[in-house]
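Here's a quick tour for anyone meeting this structure for the first time. Have a look at the sequence and the 3D view, then read on.

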Amino acid sequence: MKQPAPIPLLSLKQQYKSLRPAMHAAAKRVLDSGVFILGPEGRAFEAEFAKTQGVPHAVGMASGTDALVLSLKAVGVGPGDEVIVPTFTFIATATAVSTLGATPVFADVDAETLTLSAESARRALSPKTKAVLPVHLFGQPADMDALLALSRERGLKVVEDCAQAHMARYKGRPAGALGHVGAFSFYPSKNLGAAGDAGLASTTDAALAETCLELRNCGRPLKGAAYHHPRIGYNSRLDELQAALLRVKLKKLSFWTKRRQELAALYAKKLAGLPLRLPPLGGGGTAPVFHLFVVRAPRRDELAAFLKERGIGTGVYYPIPVHKQPAYAAPSGGEDGRFPVAEEASRTALALPMFPELTAKEVERVCRAIREFFAKN
Ligand SMILES: Cc1ncc(COP(=O)(O)O)c(C=O)c1O
């Protein structure tokens, strides 16, 4: 019998196929122009992204990690400070804090959304706490009302990790405009992905935007003489080639986001009644954008192997909570019971195929295979 075509976890090639002529034209335009750094493409992308995302100011940077580091620095995080970080996230959320000589203080995540728990964040407070760093993980907005209330009460800064949350909305408001600064990643597999590394900081505050513009360009002031540097900055500029390519893809982002949301709703419908924990679909102005569609499954590794045998790609995000990472001087694996939700999620979370070009038929095939697994096991 003929095997059906494999269904990957994600496919960048399918996306590229439809955009090939426009991407080639954009790359050629930059190469012909001879302007590669801090030129018109970068400025246009910043303005267009700000409009699409619904944030007043957008500052292009070299990666999402840099956007986090410079956002934290812009709000005043430095050596000796503590920043509260969810332990269930990609490690860059925490390393951005460490890069500045500050300390990430880990907190647990909410059992529904897998984003920073405000209660756990409250327990992590100390007199050294300078900022809170919620992550809109997998495109699911964090509980920003509670986190913003906590930060107001304690005079803390809030930097949103929006690496997985392009176009996400929380109670009608856009991710990246809820706290003081938001950090986006355009890593190729992200909902909006470059052809290399790229990132961006967003803010509603004009002064913070100016600080970010200076920090990304070696601390050079926006106004004033060249080669006078009043502050220590970095080289973290978004280059013209990436900006031009991102402009092509940005035009599709609303459509792609809607498509991810439709596919998520279909998954939820087709997986109903199975012993799985499904991600919330949003509502009331809160719109997750399903960078990944992550279910929590008993016997997760067996299920992944079963799907793999049937040509269905899955991924484990994230197998080790950050507080258990050797990089943070913790023994990896095992459980210490400190953050039970994160520990449970690291054992059970499984990402199913999710990308805008995925078809309804493919989603149905994935769901049928999952039903088959639970019928047999
Ligand atoms: C939650 C989260 N934070 C930060 C980053 C870092 O972004 P980048 O890879 O662009 O440096 C990523 C993505 O890789 C991420 O998923």
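Let's start with helix 7: its buried residues are L208, A209, T211, C212, L213, E214, L215 and R216. Keep in mind that you're looking at a predicted model. From helix 7 we'll move on to the sheet, a few other well-covered elements, two aspartates and the ligand.

**Helix 7**

- Count them up and 8 of the 11 residues in helix 7 are buried, so that the helix is mostly covered.
- The cover over those buried residues includes strand 1, helix 3, strand 8 and strand 9.
- Just after helix 7 comes C218, which has a positive phi, near 60°.

**The sheet**

- There's an open sheet of 7 strands here, with mixed pairing and the order 1-9-8-5-4-2-3.
- Strand 1 (57–61) and strand 3 (103–107) sit at the edges with a single partner strand each, so one side of each has no neighbour in the sheet.
- From one strand to the next, the twist averages 30°.
- At one of those edges, strand 1 runs antiparallel to strand 9 (residues 199–203), and 5 bridges join the two.
- Within that pairing, H57 has T203 of strand 9 as its bridge partner.
- Helix 7 (residues 206–216) packs on the sheet too, touching strand 1, strand 8 and strand 9, and its direction makes about 15° with that of strand 1.
- Helix 3 lies across strand 1, strand 2 (82–86), strand 4 (129–132), strand 5 (157–161), strand 8 (181–185) and strand 9. Helix 3 runs at about 170° to strand 8.

**Strand 3 and its partner**

- Edge strand or not, strand 3 is mostly covered, with 4 of its 5 residues buried.
- Strand 3 pairs with strand 2 in the parallel sense, over 5 bridges.
- One pair to look for is V85 with its bridge partner F106 in strand 3.
- To get from strand 2 to strand 3, the chain goes through helix 4, making a right-handed β-α-β crossover.

**Strand 5, covered on both faces**

- Which residues of strand 5 lie on each face? K157, V159 and D161 are on one side, V158 and E160 are on the other, and all of them are buried.
- In a regular strand, side chains alternate between the two faces of the sheet.
- With 5 of its 5 residues buried, strand 5 is largely enclosed by the rest of the structure.
- Strand 5 pairs with strand 4 in the parallel sense over 2 bridges, and A131 has K157 of strand 5 as its bridge partner.
- The chain travels from strand 4 through helix 6 to strand 5, and that β-α-β crossover is right-handed.
- Strand 5 also pairs with strand 8, again in the parallel sense, over 3 bridges. There, D161 has A183 of strand 8 as its bridge partner.

**Helix 8**

- Helix 8 (residues 240–250) is mostly covered as well, with 9 of its 11 residues buried.
- Those buried residues are E240, L241, Q242, A243, A244, L245, L246, K249 and L250.
- They pack against helix 1 (12–33), helix 2 (40–53), strand 1 and helix 9 (253–271).

**Two aspartates to find**

- D66 is in helix 3. Is D66 buried or exposed? D66 is buried, because 27 other C-beta atoms lie within 10 Å, and 20 or more is enough to count as buried.
- Setting aside residues up to four places away in sequence, D66 touches M61, G199, Y234 and S236.
- D66 and T99 are 33 residues apart in sequence, and their C-alpha atoms are 9.9 Å apart in space.
- D143 is in the loop between strand 4 and helix 6 (144–154), and it's buried, with 21 other C-beta atoms within 10 Å.
- Leaving out residues up to four places away in sequence, D143 touches D110, T115 and A118.
- Between D143 and Y170, 27 residues apart along the chain, the C-alpha separation is 8.4 Å.

**Around the ligand**

- Which residues come nearest to the ligand? Of the 15 around it, they are S63, G64, T65, A163 and S185.
- Helix 3 (64–74) and helix 4 (92–99) each supply at least two residues of the shell around the ligand.
- Sorted by class, that shell has 5 nonpolar, 8 polar and 2 charged residues.

How values were computed: Residues are numbered from 1 along each chain as its sequence is written. This is a predicted model: local features need pLDDT of at least 70, side-chain atom pairs count only at pLDDT 80 or more; totals for chains, interfaces and linings use all residues. A residue is near a molecule or strand if its C-beta atom, placed from the backbone, lies within 6 Å of it. Ala, Val, Leu, Ile, Met, Phe, Trp, Tyr, Cys and Pro count as nonpolar, Asp, Glu, Lys and Arg as charged, and the others, Gly among them, as polar. Two strands pair if DSSP finds at least two bridges between them. Axes are lines fitted to C-alpha atoms, for helices over the stretch in contact, and angles run from 0 to 180 degrees between N-to-C directions. Two residues are in contact if their C-beta atoms, placed from the backbone, lie within 7 Å. A residue is buried if 20 or more other C-beta atoms lie within 10 Å of its own, exposed if 12 or fewer, and partly exposed in between; C-beta atoms are placed from the backbone. A crossover is right-handed if, with the strands pointing away from the viewer, the path from the first strand over the helix to the second runs clockwise.
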